[in-house]
Amino acid sequence: MLYDFPVNVYVPKDRVTNLHQGYGFVEFCNEEDANYIAFYSNSINRFFMSVPMTAAAVGAANTALIKDPKIQLKTFNGLRSNNCYSSTYSLLLDKRIHPFSSSSTSTSPPLIRAVSTPLKQETSVETKRSKVEIFKEQSNFIRYPLNEELLTDAPNINEAATQLIKFHGSYQQYNRDERGAKSYSFMLRTKNPCGKVSNQLYLAMDDLADQFGIGTLRLTTRQTFQLHGVVKKDLKTVMSTIIRNMGSTLGACGDLNRNVLAPAAPFVREDYLFAQQTADNIAALLTPQSGFYYDMWVDGEKFMTAEPSEVVKARNDNSHGTNFPDSAEPIYGTQFLPRKFKVAVTVPTDNSVDLLTNDIGVVVVSDDNGEPQGFNIYVGGGMGRTHRIETTFPRLAEPLGYVPKEDILYAVKAIVVTQRENGRRDDRRYSRMKYLIDSWGIEKFRSVVEQYYGKKFEPSRELPEWEFKSHLGWHEQGDGRLFCGLHVDNGRVKGTMKKTLREIIKKYNLNVRITPNQNMILCDIRPSWKRPITVALAQGGLLPTSYVDPLNITAMACPALPLCPLAITEAERGTPELLRRVRAVFEKVGLRHNESIVVRVTGCPNGCARPYMAELGLVGDGPNSYQIWLGGTPAQTSLARSFMNKVKIQELEKVFEPLFYNWRLKRKSKESFGDFTNRMGFEKLGEMVDKWEGVPKSSSRYYLKLFTDKETYEAVDAIARVENKTAHQLAMEVIRNFAASHQNGKSE
């Protein structure tokens with residue numbers, strides 16, 4: 001017979017015997033009593049006591065344990081079955097309680113004897129774990145102490161809750177522009193696989209931004225919304241509103257799978273539809289199952305659509321030891337993943353998703369008839385790094401192999417479990433899967449994944465060259481309707497643009513998609529609506545792509561200051577002026593008005609705007625200074641490298657001018673700036689910068705004096721700045737358009 005042991009106790013892994021698949025035995029004994037066994041089941045997070053044990057002894061144990069305040073611990077979350085990083089548990093040793101004594105101060109404290117027997121070989125030295133790992137372990141599946149912190153009157157939450165709320169899709173922030181007491185608020189990030197946003201959810205997010213945020217919406221590089229400025233007392237209202245409008249923030253942050261990317265274009269084509277459906281299925285497969293999100297924000301009420309049967313089957317399958325049996329989180333367990341995890345799915349040639357920057361990149365492979373047959377899989381990409389610590393680095397994903405289409409969920413699950421079981425949990429700086437693969441090598445990594453997959457990967461299929469596709473402008477969907485891709489500078493939807501978009505989306509009942517380049521697509525537009533929508537968009541400042549500077553089309557920036565606590569310097573707020581300066585240098589050295597490079601700016605080295613894939617990456621490296629990265633390519637297939645450190649923002653032209661001038665002068669036919677910098681080498685580029693004495697006067701091929709008086713110049717300049725252009729650029733554009741429409745003196 002088993003008796004219910006009344007409280008949950010944290011027990012070190014090395015004090016648990018016969019640890020297997022979430023079950024373990026803890027042996028309590030002393031000089032006066034026979035051995036007694038506590039049997040633990042992680043399926044219900046409870047201990048049970050085995051015979052021999054009398055009812056009186058149970059009662060005495062209950063009394064002793066309940067009376068001692070130090071034993072009133074929060075729910076214990078289960079023992080990990082086979083992870084050397086995951087099973088260290090705290091035992092209260094300063095006042096041990098004999099489980100069978102009527103007093104909390106027994107003269108013969110119990111000795112707890114146990115030896116773990118996990119599936120993997122353990123060392124005798126306990127593995128160090130980061131503080132966040134302990135927070136996760138003690139959280140009762142990401143509930144405690146966040147649930148208590150949300151009820152306090154303080155405007156902020158404590159350290160543990162700050163880490164846990166990330167799993168719910170939120171970051172605690174404060175306004176760094178303000179002096180004095182910190183003004184705390186929360187950023188909420190949605191989770192939208194493929195960037196899909198229903199009409200209902202878009203309108204709800206628009207309302208929430210005005211009612212509870214700072215009046216803006218931000219489109220992210222992972223196809224989601226960010227809502228800034230929500231105060232703590234409004235969190236539940238905002239979260240529940242998002243959920244009740246068929247949205248979610250679950251897993252948009254935290255140590256688990258983030259939003260799954262896919263091309264945002266709503267083409268009615270078999271490959272695009274299959275890629276987007278696969279992204280949806282992967283997102284569903286890796287969504288937490290323990291219910292902590294709904295418990296916290298909608299009092300346990302579930303708002304979920306039915307999952308495809310293949311997703312449920314793949315999640316529940318444990319034929320190769322991937323799951324925790326009887327656990328509330330069959331894939332994640334109590335510890336979830338060592339760090340954030342990112343997945344992208346796409347079709348051949350379309351690298352709008354920055355495929356190689358993800359932990360897992362998945363590419364649809366079709367036959368000659370366009371019928372999807374399977375997937376090429378890439379692994380080990382990631383952007384984050386730390387300045388001046390060479391052991392941290394950005395990394396491109398590399399080929400893992402090919403799987404038939406019916407196996408993709410099992411293959412993805414096997415990769416995730418390999419990272420779960422082997423990724424570092426002692427130092428979060430090195431916890432991403434890219435470091436595991438860099439340490440092991442791809443062959444060992446593939447071999448371990450194949451054990452969880454249960455099959456060998458086939459060789460990767462040959463694919464055509466990649467290219468970046470913005471999907472901006474008007475396009476036919478393939479079903480008789482149109483879609484319109486809109487450029488949004490730095491992804492910030494605000495002011496007149498925000499109001500205009502709301503009116504159009506509401507009037508025409510349009511669904512929306514967010515692109516991985518921080519832009520927006522209006523979907524399912526009838527051809528007869530094209531003209532009135534185009535006019536309305538222009539009136540709201542959303543001009544056709546032909547009127548947007550090519551530099552702006554491909555540029556990206558992270559939010560950085562004032563709200564991001566990691567930002568070292570400006571990114572989003574400074575990028576419009578920075579791009580104007582780049583364009584001015586282009587003109588100064590004689591580059592044509594339609595020429596462009598990929599510019600990405602981040603306020604810190606974490607790389608949220610993927611600057612390490614840019615032709616020109618600017619990474620915050622101190623107050624008002626940047627590290628300059630060169631060598632990415634327009635198709636985002638080559639990793640940039642660090643060129644210069646701590647370049648002050650006012651000194652950037654001294655670097656830009658010699659680089660752009662020599663690119664114009666020495667490039668090969670159609671050679672991109674990134675390819676040019678790689679061909680020349682950083683030593684020669686450094687010499688160009690060091691020896692630069694200014695642009696020769698004869699080099700500016702387009703020098704024209706367009707303005708004869710200061711007033712005209714200032715008026716044109718004011719208009720130009722609205723479009724992130726210089727007065728010279730705007731004037732030249734007007735002249736060229738006028739000339740093109742009046743060829744031979746006749747209007748077309």
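**Exercise 1. The lining of a cavity**

Task: In this predicted model, find which helix gives the largest share of the lining of the second largest cavity, and describe that lining.

Solution:
- Step 1. Start with the list of lining residues: H487, D489, N490, N552, A555, T575, P576, L579 and N724.
- Step 2. Look for the helix in that list. Helix 16, which spans residues 575-589, supplies three residues, the largest share.
- Step 3. Sort the lining by character. Three of the residues are nonpolar, five are polar and one is charged.
- Step 4. Add the volume, which is about 50 Å³ for this second largest cavity.
- Step 5. Put the cavity in context: the count comes to five cavities of 30 Å³ or more.

**Exercise 2. An arginine in helix 16**

Task: Decide whether R581 is buried or exposed, and list what R581 touches away from its sequence neighbours.

Solution:
- Step 1. Place the residue: R581 belongs to helix 16.
- Step 2. Check the accessibility. The relative accessible area of R581 is 17%, and the cut-off for buried is under 20%, so R581 counts as buried.
- Step 3. Set aside neighbours within four places in sequence; R581 then contacts I649, Q650, L652 and E653.

**Exercise 3. A strand covered on both faces**

Task: Work out how many residues of strand 24 (residues 625-630) are buried, and follow the pairing of this strand to each partner.

Solution:
- Step 1. Count the buried residues: six of the six in strand 24 are buried, and the strand is mostly covered.
- Step 2. Separate the faces. S625, Q627 and W629 lie on one side, with Y626, I628 and L630 on the other, and all are buried.
- Step 3. Take one partner. Strand 23 (residues 616-622) runs antiparallel to strand 24, with six bridges joining them; V619 has Q627 as its bridge partner.
- Step 4. Inspect the turn. Strands 23 and 24 make a hairpin with two residues between them, and N624 in the turn has a positive phi of about 60°.
- Step 5. Take another partner. Strand 25 (residues 641-648) is antiparallel to strand 24 and joined to it by five bridges, with I628 standing opposite M644.

**Exercise 4. Another enclosed strand**

Task: Explain why strand 15 (residues 398-404) can be called largely enclosed, and find its pairing with strand 14.

Solution:
- Step 1. Five of the seven residues of strand 15 are buried, so the rest of the structure largely encloses this strand.
- Step 2. Strand 14 (residues 372-379) pairs with strand 15 in the antiparallel sense over six bridges.
- Step 3. To find one of these bridges, start from V379: its partner in strand 15 is E398.

**Exercise 5. A sheet and a helix packed on some of its strands**

Task: Trace the strand order of the open sheet of five strands, then see what the buried residues of helix 6 pack against.

Solution:
- Step 1. The order is 7-8-11-10-18, with antiparallel pairing.
- Step 2. Strand 7 and strand 18 (492-493) are the edge strands, each pairing on one side only.
- Step 3. Strands 7 and 8 pair over five antiparallel bridges, and S170 stands opposite L188 in strand 8.
- Step 4. Turn to helix 6 (residues 235-244), where L235, V238, M239, S240, I242 and I243 are buried.
- Step 5. The buried residues of helix 6 pack against strand 7 (170-174), strand 8 (184-189), helix 5 (199-211), strand 11 (225-230) and helix 8 (292-297).
- Step 6. After helix 6 comes M246, with a positive phi near 65°.

**Exercise 6. Unusual backbone angles**

Task: Locate two cis peptide bonds, and compare the burial of I142 and D299.

Solution:
- Step 1. Recall the background: most residues other than glycine have a negative phi, and most peptide bonds are trans.
- Step 2. The bond from Y144 to P145 is cis, with omega near 5°; P145 sits in the loop between helix 2 (131-137) and helix 3 (146-149).
- Step 3. L561 and P562 are also joined by a cis bond, with omega about 15°; P562 is in the loop between strand 21 (556-557) and helix 16.
- Step 4. I142 has a positive phi near 65°, lies in the loop between helix 2 and helix 3, and is buried at 0% relative accessibility.
- Step 5. D299 has a positive phi of about 55° and lies in the loop between helix 8 and helix 9 (309-316). D299 is exposed, at 61% relative accessibility.

**Exercise 7. Confidence**

Task: Find where pLDDT is below 50 over residues at the start of the chain.

Solution:
- Step 1. The mean pLDDT of the protein is 85, and 80% of its residues reach 70 or more.
- Step 2. Residues 1-124 have pLDDT below 50, and this stretch has 266 contacts in the model beyond near neighbours in sequence.
- Step 3. Residues 744-748 also stay under 50, with six contacts beyond four places in sequence.

Definitions and conventions. Residues are numbered from 1 along each chain as its sequence is written. This is a predicted model: local features need pLDDT of at least 70, side-chain atom pairs count only at pLDDT 80 or more; totals for chains, interfaces and linings use all residues. Side-chain values use heavy atoms; hydrogens and water are left out. On a 1 Å grid over the protein atoms alone, a cavity is a set of points where a 1.4 Å probe fits but cannot get out, and a pocket is an open set with protein on both sides within 12 Å along at least five of seven lines; lining residues have an atom within 4 Å of a point. Grid points are joined across faces, edges and corners, and a volume is the space filled by probe spheres set on the points. Helices (H or I, at least four residues) and strands (E, at least two) are DSSP runs, numbered from the N terminus. Ala, Val, Leu, Ile, Met, Phe, Trp, Tyr, Cys and Pro count as nonpolar, Asp, Glu, Lys and Arg as charged, and the others, Gly among them, as polar. Buried means under 20% relative accessible area, exposed over 50%, partly exposed in between (1.4 Å probe, protein chains only). Two strands pair if DSSP finds at least two bridges between them. pLDDT is the predictor's confidence in each residue, from 0 to 100. Contact means heavy atoms within 4.5 Å.
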